[in-house]
There are 2 protein chains.
Amino acid sequence: MSILFKNCYLVTPGFENENMSVLVADGKIKQIFAPGDKLPEADTVKDCNNNMLMPGFVDVHCHGRSGFDFCDASVEAIAAIAENKLAEGVTTLLPTTLTVSEEQLSGALKSAADYVASNASKKGCKLPGVHLEGPYINTKLIGAQNPAFVRLPDIEEVKRLNAIFPVKKVSFAPEVEGGAEFSSALLAMGITPSAVHTNATHADFKNAYLHGMRNLSHFCNQMTPLHHRDIGMVGAGLLHDDVYIEFICDKLHICPDMIELVFALKDTEYIQLISDAMRASGMPDGEYDLGGMQTFVKAGAARLANGALAGSTLQICDALKNVYMVTGLDISELVKTTSYNQSRALNLPGIGKIEPGYCADIVILDEGFKVLETYVDGELRYKA
Amino acid sequence: MSILFKNCYLVTPGFENENMSVLVADGKIKQIFAPGDKLPEADTVKDCNNNMLMPGFVDVHCHGRSGFDFCDASVEAIAAIAENKLAEGVTTLLPTTLTVSEEQLSGALKSAADYVASNASKKGCKLPGVHLEGPYINTKLIGAQNPAFVRLPDIEEVKRLNAIFPVKKVSFAPEVEGGAEFSSALLAMGITPSAVHTNATHADFKNAYLHGMRNLSHFCNQMTPLHHRDIGMVGAGLLHDDVYIEFICDKLHICPDMIELVFALKDTEYIQLISDAMRASGMPDGEYDLGGMQTFVKAGAARLANGALAGSTLQICDALKNVYMVTGLDISELVKTTSYNQSRALNLPGIGKIEPGYCADIVILDEGFKVLETYVDGELRYKA
């Protein structure tokens with residue numbers, strides 16, 4: 001099976017141009033053609049009308065969508081999430097857990113395993129593994145996590161969960177007891193450690209850094225702020241060039257000026273756009289549950305009763321649009337933040353570029369960043 | 001009168017090299033000679049033994065030194081400050097006032113005028129004008145200023161003071177009533193407006209920016225911090241490339257990590273090292289007055305009874321050393337922050353470079369940044 005995408009506005013890290021063509025065969029990018037090149041035959045030829053064709057998005061931090069939360073721990077929930085994420089251009093997803101009991105975590109991972117083993121998973125985005133956000137966090141920066149289930153880092157629990165379904169990333173507070181060593185233990189398992197809901201000083205972070213931590217989850221939100229007598233975790237993300245940050249660019253969690261500032265100060269190759277979406281994403285305003293806590297969604301902003309933000313309803317295509325509008329940076333630069341950086345930070349090979357040999361995970365968007373079509377391994381899985 | 005400085009380790013913005021020679025005549029830099037060049041005759045020949053020779057420092061924010069405060073409003077006080085600043089390499093000083101009554105401000109400026117008109121001023125550093133820090137500040141970020149004398153911006157008061165002695169810089173809170181327009185009014189008088197002790201939002205700052213404000217005094221200290229939902233004044237200093245910041249690099253007001261971070265993120269050409277010194281600078285630990293408030297100096301740190309920092313005891317040669325040790329940047333890059341940037345920010349022509357035509361304001365330091373000699377207009381005014 002081969003497909004020739006003609007007349008693309010091709011966008012891949014470091015390159016963008018109109019009237020390009022891309023040949024896909026056997027689920028891989030086979031060849032790229034410049035304007036005027038002689039084009040090959042193909043089973044299917046698709047004229048893209050110079051809409052943007054770019055690598056499918058990788059969302060490494062997403063709790064739910066379309067009314068479902070991954071911690072609902074049902075195959076129905078994970079199937080709905082995996083299928084509906086395609087509509088925002090996501091081709092690879094790390095379903096993300098909340099701070100809940102091990103029983104509930106096990107159930108969620110079991111549902112992911114069952115879904116991936118089923119034929120239904122051929123209709124959704126790829127699920128290479130999960131992201132555990134907590135439960136090993138600092139209650140002082142609890143945000144919209146449930147303090148009742150916070151516990152100390154427990155590598156044995158991670159091993160039990162990883163035996164059910166692959167754990168790709170664990171976000172935790174590195175300053176808690178055993179936190180630094182936990183990074184090393186995760187890395188030894190091939191899992192990416194990341195800081196989240198953390199009250200760490202910069203000295204705490206440097207200790208974690210020495211143990212291999214190179215990621216900060218939802219940068220700025222629920223972490224020690226920049227101060228001139230301790231630069232904290234926000235300072236750590238800005239100071240250490242080789243530290244990746246997740247960034248919620250919904251203009252609510254992070255204001256436009258801060259988006260502009262961080263993109264001005266931080267190498268684009270170390271920023272990962274995430275949704276941090278909860279179940280209300282892709283749904284109308286109303287009341288929704290988040291890990292047992294009631295949230296109120298109004299004009300797309302999800303808040304607890306006390307007014308604190310409780311996850312987002314952001315879609316990745318809109319995150320990219322927001323950053324493009326705020327920063328004015330080239331889209332070929334910004335496209336790094338939607339999949340290429342994630343593939344490096346999480347060791348997801350073959351993902352994040354439109355280049356020969358890469359997976360044919362592709363999203364086609366119009367100039368307003370509306371998703372027109374989403375392909376997984378060269379297969380059309382979503383069409384607007 | 002000519003002097004030939006031989007065997008200098010010459011440091012000037014963008015250039016440093018050993019075995020250089022500098023010819024000074026009639027108070028100006030006349031010519032620079034590379035190693036091996038044929039050297040001219042001169043009235044005096046001085047072998048610098050490859051100690052560092054660089055532009056004399058410009059301290060634009062200094063309240064006092066050696067037991068005296070500018071607001072003591074006596075010729076004795078300003079004379080002691082102007083002479084003793086030479087020992088730290090300062091050749092140009094803006095004596096800086098505190099938030100006090102107009103009567104006291106007038107007295108301080110009168111003492112400066114009397115001193116400059118007297119022969120005694122031939123023994124000190126240059127005083128092109130003063131810096132008014134307050135009294136137009138925000139009591140919410142009062143720091144070690146006296147709230148009793150805080151008032152709204154008053155351009156008529158500035159005009160009255162400027163008639164006594166030139167006002168070169170006024171630091172105030174731009175968000176207070178009339179604050180933005182005050183910037184324009186100061187600029188119309190040739191005075192540099194700067195933000196200090198300010199609770200301004202980024203929107204407030206942008207309003208002041210449109211009115212011409214391009215300076216932030218003692219950056220980070222007593223101003224709105226960086227937050228991800230309003231980047232505040234700290235964010236403003238990092239976001240706006242053309243905004244100058246004053247920076248107290250004593251490692252107390254600003255921790256070493258923050259010094260490293262700001263030098264990594266901000267163009268060196270927009271950073272001005274200041275002392276923000278109070279009367280205890282150059283004096284032993286003990287109790288000292290600051291604008292009517294008692295301060296306790298211990299191990300060089302000046303604090304109010306409540307523990308808040310109350311000015312510094314920093315000397316500019318040590319500020320430069322601290323930044324050099326923390327950042328590891330070239331000294332030819334850092335030398336911009338001790339005089340060249342100040343000359344641009346405050347329109348002080350002929351100052352800040354060792355290049356033909358510039359004033360022969362020169363400091364010679366050993367490799368430990370100890371000041372050996374200080375020259376003003378080619379005249380030796382300090383020798384260790």
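A salt bridge here is a side-chain nitrogen of Lys or Arg within 4 Å of a carboxyl oxygen of Asp or Glu. The model is predicted, and side-chain atom pairs count only at pLDDT 80 or more. Residues are numbered from 1 along each chain as its sequence is written.

**Exercise 1.** Find out how B:Glu269 and B:Lys336 meet, and where each one sits.

Step 1: their side chains form a salt bridge, at 3.2 Å from N to O.

Step 2: place the partners, using helices (H or I, at least four residues) and strands (E, at least two), which are DSSP runs numbered from the N terminus. B:Glu269 lies in the loop between helix H7 (256-265) and strand S15 (271-273) of chain B, while B:Lys336 is in the loop between helix H9 (331-334) and helix H10 (340-345). So the pair links distant parts of the chain, 67 residues apart.

Step 3: check accessibility, where buried means under 20% relative accessible area, exposed over 50% and partly exposed in between (1.4 Å probe, protein chains only). B:Lys336 is buried at 10%, and B:Glu269 is partly exposed at 22%.

**Exercise 2.** Do the same for A:Asp242 and A:Arg214.

Step 1: the closest N and O atoms of this salt bridge are 3.4 Å apart.

Step 2: A:Asp242 is in the loop between helix H6 (232-239) and strand S14 (244-247) of chain A, and A:Arg214 in the loop between helix H5 (202-210) and strand S13 (215-216), 28 residues apart.

Step 3: A:Asp242 is partly exposed at 28%, as is A:Arg214 at 26%.

**Exercise 3.** Which residues are linked with A:Asp59 in a network of salt bridges?

Solution: they are A:Arg65, A:Lys85 and A:Glu88. Over all chains, the count comes to 42 salt bridges.

Notes: Chains lettered and ligands numbered in written order. Predicted model: local features only at pLDDT ≥ 70, side-chain atom pairs only at ≥ 80, totals over all residues. Heavy atoms only, no water.
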